[in-house]
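Colleague: I am new to this structure and would love a close look at one part of it. Could you take me to a place where two helices meet, and then show me around a little from there?

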Amino acid sequence: MRLNIRTLFLVLSSLIIVCILSLWSNCSNQTFDTFSKNIKPNYESLVQNIKPIDCLINGNNVHVDCLIKNNTVYIPFSFLKNYFEVYGKIIETDENKKKFHWSHSYSKIYHQNGKYDSRGVFTNFQNYKVEERDRVKCVSASEGVPVSTQWNPHGYYYPTQIAQFGLSHYSKNLTLPSPKVRVLENGQLNPLWNVPKTSKIQIAFNAQVNSNVIDFFSTDKPISLKIDSKEDFFISFDVALSLSTSSSIVISIKEIKDHEVWNLHYICSKTFIFAKGHNIYHGMHCGREFGWKKLTRNVLVDLQKGLHVLKKTTAKMFRSKYKLCDFKLYGVGFLDNLTLSSSDHISQFYAAAHWFNKHQDKESGGWINPVTRKISPVIKPLKPGWLSAMGQGQAISLLSRAFFHSGGNEMYLKTAHTALKPFKIPTKNGGVLSEFMNLHPWYDEYPTVPPIFILNGFMYSLIGLYDLFSLAPNGSEVSQEAHSLWKQGMASLKNLLPLFDMGSRSAYDLRHVTLDIAPNIARWDYHATHINQLLLLATLDNATVIQTTAQRWIGYMNGARASHN
């Protein structure tokens, strides 16, 4: 029995082996190439049967070259981008594959980490680079703050821009590493000064500053100090120049690749900036003979603005492309506190705070805008001298922080308190106060007649009022006054906020209500600003309308739309 089973098993095994060999022999006649033709990549199947088709948009108004496959029409993104105002780009992944990223907006939302703190960063301003904007002519050598060309190409001081400059540097000072600082001269006479035979440099006691300083005299050749820095480009110094001679400070910077040397001149002049050849001149109002000036200069920004004047490329200034060479003294003057650093944010912050102290109109409490502002063809332009609730509010935010950071310097608090005056004066009388339907007080960014109720400027003014009442001494008159104005404004915001919802984006203002014209839809960056402001205010007031509006508007940035009937 066992023998028969074993015999049967051997017979079956032999038959199976013969069948396998037979099949292998037949299959070997088909080459691998023939087999592979039956396996087509997915992308080949995708492009099969695709044909061109004309797309007629809204009738025959617009013609677009499209593609069609199996009744599915493919429209080029280059058309969709402009038609629907959407954004996209091709990127490469880590696996060397290409992907297309589509987005409905181009701006970023900054969610709050806890309750807003007036002592901390101002909204998301640590990311701002105000002085590098194209509409900034230069940073004034006289005042240390930006000079705007936004509405006048000759340049002027724009309070809102100056406040943003100061707030950005205050915020950077809190979020970035502490700067590296190297003292180059502090009245001890650095032995590395190169002094020509016909020039003179010495230590001298100066009664104006009550300390030893450097007293210098040079003729045709300058007194110079070699710096040779490829990493640090902030120079700060105190200087007093003679007005009766052609005295100046000159800083040389070299473009490493092309070996071009640019000379930045800081001279006594009322002209903001001018340039000729490889020489860029930044003017400072010296005022009187040997009047002391403190300068804190980002040399790369000063070079960038000069190149713009010369109509040369002003692309981003990469530190790695430049070297700071020399610091030179021309003519007659005094020098002290010369330092080189990687940054000097706190000095730039206080330069802005000092500007607001110096230039406030004490009667009105405001900082005037010295340019004509055209808002809409159906509204009379604002003539020079108008005030802005946004400018007032951001200046108050800056001054409140200066009061806190300085350890309670009353000068800053007093200026901020005076700045509350325009919030109680109607726009028709020179203030920034309007009313919606004679019911809801509103602080106008642009005091037009009739008012148009700009949202972002109003919320910035509310943040400024909150900063003042939270940082002023508890229970003080200034704190109570700012708190009252803030509560009044917040009530109006909660009542009017739904009017700014357009169902797929926010409105920049309410001109569609007050002027009976089409809505002024906010650009995505302004829409994102609205959201960021609401998220901040939601940490101070938990009203449902603020929170739900912010979340709904975030949805709009991702393509959501309000439902329809």
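**Where two helices meet**

Modeller: Happy to. On the α5 side, the residues T160, A163, Q164, G166, L167 and Y170 touch a set in α8 made up of M390, G391, Q394, A395, S397, L398, R401, F404 and H405. Sorted by class, this contact of α5 with α8 brings together seven nonpolar, seven polar and one charged residues. Please keep in mind that this is a predicted model.

To find the two partners, look for α5 at residues 159-175 and α8 at residues 389-405; their axes lie 8 Å apart and make an angle of about 35°. The crossing of α5 over α8 is left-handed. As you follow either helix, it helps to remember that an α-helix has 3.6 residues a turn, so residues three or four places apart point the same way.

Now pick out one residue of this contact, Q394, which sits in helix α8. Its relative accessibility is 0%, below the 20% limit, so Q394 counts as buried. Setting aside neighbours within four places in sequence, Q394 is in contact with T160, A163, Q164 and L167, and also with F122, F125 and Y460. Of these, T160, A163, Q164 and L167 are among the α5 residues that meet α8.

From here, let us turn to another helix, α14, at residues 544-557. The 14 residues of α14 reach 20 Å from the first C-alpha to the last, close to the 20 Å expected at 1.5 Å a residue. Its buried residues are I546, T549, A550, W553, I554, G555, Y556 and M557. Among the elements that cover them are the helices α10 (455-471), α11 (477-496) and α13 (524-538). Just after α14 you will come to G559, which has a positive phi of about 100°.

The cysteines make a good last stop. The structure has two disulfides, and counting bonded cysteines along the chain gives the pattern 1-2, 3-4.

One disulfide links C55 and C66, with 2.1 Å from S to S. This pair bridges distant parts of the chain, since C55 belongs to strand β1 (residues 51-57) and C66 to strand β2 (residues 62-69), eleven residues apart. The link of C55 and C66 is left-handed, with -140° about the S-S bond. Both ends are buried: C55 has a relative accessibility of 10%, and C66 has a relative accessible area of 3%.

The other disulfide joins C268 to C286, and here the sulfur atoms are 1.8 Å apart. This pair also links distant parts of the chain, with C268 in strand β14 (residues 260-268) and C286 in the loop between β16 (279-284) and β17 (292-298), 18 residues apart. The link of C268 and C286 is left-handed, at -90° about the S-S bond. Here the two ends fall into separate classes, as C268 is partly exposed at 28% relative accessibility, while C286 is buried at 11%.

What about C138? The closest cysteine sulfur to that of C138 belongs to C286 and is 15 Å away, so the two are too far apart for a bond. C138 is buried, with a relative accessible area of 0%. C325 is buried as well, at 10% relative accessibility.

Technical notes. Residues numbered from 1 in each chain as written. Predicted model: local features only at pLDDT ≥ 70, side-chain atom pairs only at ≥ 80, totals over all residues. Heavy atoms only, no water. Disulfide = S-S within 2.5 Å. Helix = DSSP H or I, 4+ residues; strand = E, 2+ residues; numbered from the N terminus. Buried < 20%, exposed > 50% of the residue type's maximum accessible area, 1.4 Å probe, protein only. Expected span 1.5 Å × (residues − 1). Contact = heavy atoms within 4.5 Å. Axes fitted to C-alpha atoms, helices over the stretch in contact; angles between N-to-C directions. Left-handed = near helix turned anticlockwise from the far one by under 90°. Nonpolar A, V, L, I, M, F, W, Y, C, P; charged D, E, K, R; others polar.
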